[in-house]
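Hi everyone, thanks for making time this morning. I'd like to walk you through one structure, so please have the viewer open.

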Amino acid sequence: MEFSVLGSLRVRENGHDYAPTAPKQRQLLALLVFNANQVVTVGTCIEELWGESPPDTGLSTLQSYVLQLRRILKRVPRIGSLKAARELLQTRDGGYLLAVRPEELDVNLFHDLVRQGRAELGKNDAVASELLSTALGLWEGSALSDVQAGPVLRIHLAGLEETRISVQEQRIDADLRLGRHHDLLGELSALCALYPTHENLHAQFMLALSRSGRRTQALEVVQRLRRMLGDELGLEPSPRMNRLHQAVLACDPVIDAPTRTAPLLSLDLLAHSGARSA
């Protein structure tokens, strides 16, 4: 049995999807999946489903949704009965708990691979890149792309998307250290278009372009970023971005592609702590 949130909401067994089709039931199930093995209070469920304006019948309607979810889950062959469905979707004091095995939830696998990959960064970048790529490959579009998210889910989704972008940046860092700058150009071009004020992605794109012999285009990247930061946020690029700009202008060898004798050569230009994003 598999629960998926990295894309469409799915509850799968043997290739069949048993996720509910009704919007509110999908929304409630998504909230419970995101908080798997933790009690989600009745108040949190009501806030997610109706925000600050719950109906007078909110509690009874919530209870009805839970009953309907159990009836749907009992159709899963591994569950097979309403009693077993109650053991999966449990009523606890003040709320509900979805009991899920860690390996059944795709977001758990994502976080496990990310932890393993981050542990290899700077030590074995080839392994780190492979693990982080596998983690990112679990995504099938935006998380819960077919669920109408309320205020609680939106917070979960925003945090998960930040993690996704951070992982992608770290994987790109590893690939840059491995000398794979040519292979990154298309990906970084798309990311910079998607996140036009994200400094670290633009720094990575500039570095990849410069190392690919495309210095003029690298300089155009920082000019676009400068315009976007000014127009959208009233800001100037950070000092680290200006240092990279000057390094590209001067053809500073410190930003050249890594070599066999200096595979990790770099400035502190790509440090995540200095990145500015919006």
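I'll begin with the ground rules, then go from the whole chain to the strands and a few single residues.

This is a predicted model, so to speak of local features we ask for pLDDT of at least 70, and side-chain atom pairs count only at pLDDT 80 or more, while totals for chains, interfaces and linings use all residues. Residues are numbered from 1 along each chain as its sequence is written, and side-chain values use heavy atoms, with hydrogens and water left out.

Let's start with the overall picture. The protein chain has eleven helices and six strands; these are DSSP runs numbered from the N terminus, with helices being H or I of at least four residues and strands being E of at least two. Its C-alpha atoms fill a box of roughly 70 × 40 × 30 Å along the principal axes. Of the 278 residues, 46% count as buried, where buried means under 20% relative accessible area, exposed means over 50%, and partly exposed lies in between, with a 1.4 Å probe and protein chains only. The accessible surface comes to about 13600 Å², and 50% of that belongs to carbon and sulfur atoms. That area is from the Shrake-Rupley method with a 1.4 Å probe.

Contacts are next, meaning heavy atoms within 4.5 Å. Among contacts with a separation of 6 or more, 63% are between residues 24 or more positions apart.

Now to the strands. Two strands pair if DSSP finds at least two bridges between them. One open sheet has three strands in the order 1-2-3, with antiparallel pairing. Strand 1 (2-4) and strand 3 (16-17) are the edges, each with a single partner strand, so one side of each has no neighbour in the sheet. Strand 2, residues 10-13, is joined to strand 3 by two bridges, and Glu13 has His16 as its bridge partner there.

Further along, strand 5 (residues 89-92) pairs with strand 6 in the antiparallel sense over four bridges, with Thr91 opposite Tyr96. These two strands form a hairpin with two residues between them, and Gly94 in the turn has a positive phi of about 80°. Strand 6 also runs antiparallel to strand 4 (residues 40-41), joined by two bridges; here Thr41 is partnered with Gly95.

Which way do the residues of strand 6 point? Gly95 and Leu97 point one way and Tyr96 and Leu98 the other, and all are buried. As a general reminder, side chains in a regular strand alternate between the two faces of the sheet.

Two helix residues deserve a look. Arg26 sits in helix 1, residues 23-34. Is Arg26 buried or exposed? At 11% relative accessibility, Arg26 counts as buried. Setting aside neighbours within four places in sequence, its contacts include Leu9, Asp146 and Val147.

Leu209 belongs to helix 9, residues 199-211, and is buried at a relative accessible area of 2%. With the neighbours within four places again set aside, Leu209 is in contact with residues including Leu185, Arg214 and Val221. Leu209 and Ser60 are 149 residues apart in sequence and 59 Å apart in space, C-alpha to C-alpha.

Finally, the cysteines. How many disulfides does a search of the whole structure find? The count is zero, a disulfide being a pair of cysteine sulfur atoms within 2.5 Å. Cys192 is buried, with a relative accessible area of 8%, whereas Cys251 is partly exposed at 48%.

That's my tour, and I'm happy to take questions.
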